[in-house]
Amino acid sequence: MILRFPVQKIKAKYTLAQKLESLEIDSYLQRIFARFSLIKPDDTASTPIRAIVDTGAVFSLFPGYLLNDYPKIRTEDHTLWGIVDIPECHIKAKLAKVPIILIDMDGNESPKLEIIAAFSETVNIPPLLGMKELLASYPSNIDIKNNQFSVMFD
């Protein structure tokens, strides 16, 4: 089974766009989007959530309120950071293993996947689908010509 997700061209924010243009570089960036649903303890799926597919993210990252549907789930406190490990770049989160399904642009669904995700205490973060137990576990491909990202499942 192959699921396909759109690679969208988005205009860089004004200040970055100006810098790219001054270097004679196209000011559009590519971003991969996917939809997923969390599978709740009663085996129902949450409303699909739009997420950024982030091949640079170690873990998938979701807003912490999504853990409310899992009152008995085991979690571990963890601090995340990006490229720079300084306090102002830290995000406090709870790590948990959760079941999800991916939903592609045609509505096709992946098998149920158990992934590790960080649930952020910060509410206003965009959901990210990362590498650990997800993108690192299944072959994938970016086809820039057709603006598609594909993930292959057994």
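Is Ser-46 buried or exposed? I will start there and work outwards, and please keep in mind that what we are looking at is a predicted model.

Ser-46 sits in a loop, the one that runs between strand S2, residues 28–38, and strand S3, residues 49–53. Its relative accessible area is 13%, and because the limit for buried is under 20%, Ser-46 counts as buried. As for what Ser-46 touches, leaving out residues up to four places away in sequence, the list is Ser-37, Leu-38 and Lys-40.

Now stay in that loop and look at Asp-43. Asp-43 is also found between S2 and S3, but Asp-43 is exposed, with a relative accessible area of 55%. The backbone deserves a look here. Most residues other than glycine have a negative phi. Asp-43 is not a glycine, yet its phi is positive, about 70 degrees.

There is another residue of that kind, Asn-147. Asn-147 has a positive phi near 50 degrees, and again the residue is not a glycine. Asn-147 lies in the loop between strand S9, residues 140–143, and strand S10, residues 148–152. With a relative accessibility of 33%, Asn-147 is classed as partly exposed.

Next, the strands. S2 is a good one to follow, so let me take its partners in turn. Strand S1, residues 2–11, pairs with S2 in the antiparallel sense, over five bridges. If you want to find that pairing on the screen, go to Val-7, whose bridge partner in S2 is Ile-32.

S2 and S3 also run antiparallel, and five bridges join them. Here the pair to find is Phe-36 with Ile-49, the latter in S3.

Then there is strand S6, residues 91–103. S6 is antiparallel to S2 as well, with four bridges between them. Ser-37 has Ile-101 of S6 as its bridge partner. You have met Ser-37 already, since Ser-37 is one of the residues that Ser-46 touches.

On to the salt bridges. How many salt bridges are there in the model? The count is five, and I will go through some of them.

Lys-9 and Asp-26 form one, with 3.7 Å from N to O. Lys-9 is in strand S1, while Asp-26 is in the loop between helix H1, residues 14–22, and S2, so to speak a link between distant parts of the chain, 17 residues apart. Asp-26 is partly exposed at 46% relative accessible area, and Lys-9 is partly exposed at 47%.

Asp-43 comes back at this point, because its side chain meets that of Lys-112 in a salt bridge, again 3.7 Å from N to O. Asp-43 is in the S2 to S3 loop and Lys-112 in the loop between S6 and strand S7, residues 113–120, so this pair ties together parts that are 69 residues apart in sequence. Lys-112 is partly exposed, at 49% relative accessibility.

A further salt bridge joins Asp-77 and Lys-94, at 2.7 Å from N to O. Asp-77 belongs to strand S5 and Lys-94 to strand S6, and the two are 17 residues apart. Asp-77 is exposed, at 61% relative accessibility, whereas Lys-94 is partly exposed, at 29%.

Now the inside. Which residues have the most contacts within the largest nonpolar core? They are Phe-36, Phe-62, Ile-100, Leu-102 and Leu-129, in a core of 28 residues. Two or more residues of this core come from each of S1, S2, S3, S6, S7, helix H2, which is residues 131–135, and S10.

Take Ile-100 as the example. Setting aside neighbours within four places in sequence, Ile-100 is in contact with Phe-36, Ser-37, Leu-38 and Ile-39, then with Pro-111, Lys-112, Leu-113 and Ile-115, and with Leu-129. Apart from the largest core lies another one, of eleven residues, including Phe-33, Ile-52, Phe-59 and Ile-116.

Last, the surface. Ile-83, Val-84 and Ile-86 make a nonpolar patch of about 310 Å². Ile-86 is in the loop between strand S5, residues 76–80, and S6. The relative accessible area of Ile-86 is 31%, so Ile-86 is partly exposed.

To return to the opening question, Ser-46 is buried, and in that loop Asp-43 is exposed.

Definitions and conventions
Residues are numbered from 1 along each chain as its sequence is written. This is a predicted model: local features need pLDDT of at least 70, side-chain atom pairs count only at pLDDT 80 or more; totals for chains, interfaces and linings use all residues. Side-chain values use heavy atoms; hydrogens and water are left out. Buried means under 20% relative accessible area, exposed over 50%, partly exposed in between (1.4 Å probe, protein chains only). Contact means heavy atoms within 4.5 Å. Two strands pair if DSSP finds at least two bridges between them. Patches are made of residues with over 30% relative accessible area and no salt bridge: like charges are joined within 9 Å, nonpolar side chains (Val, Leu, Ile, Met, Phe, Trp, Tyr) within 5 Å. Accessible areas come from the Shrake-Rupley method with a 1.4 Å probe; for residues, only the protein chains shown count as cover. A salt bridge is a side-chain nitrogen of Lys or Arg within 4 Å of a carboxyl oxygen of Asp or Glu. A nonpolar core is a set of buried Ala, Val, Leu, Ile, Met, Phe, Trp, Tyr and Cys residues joined through side-chain atoms within 4.5 Å.
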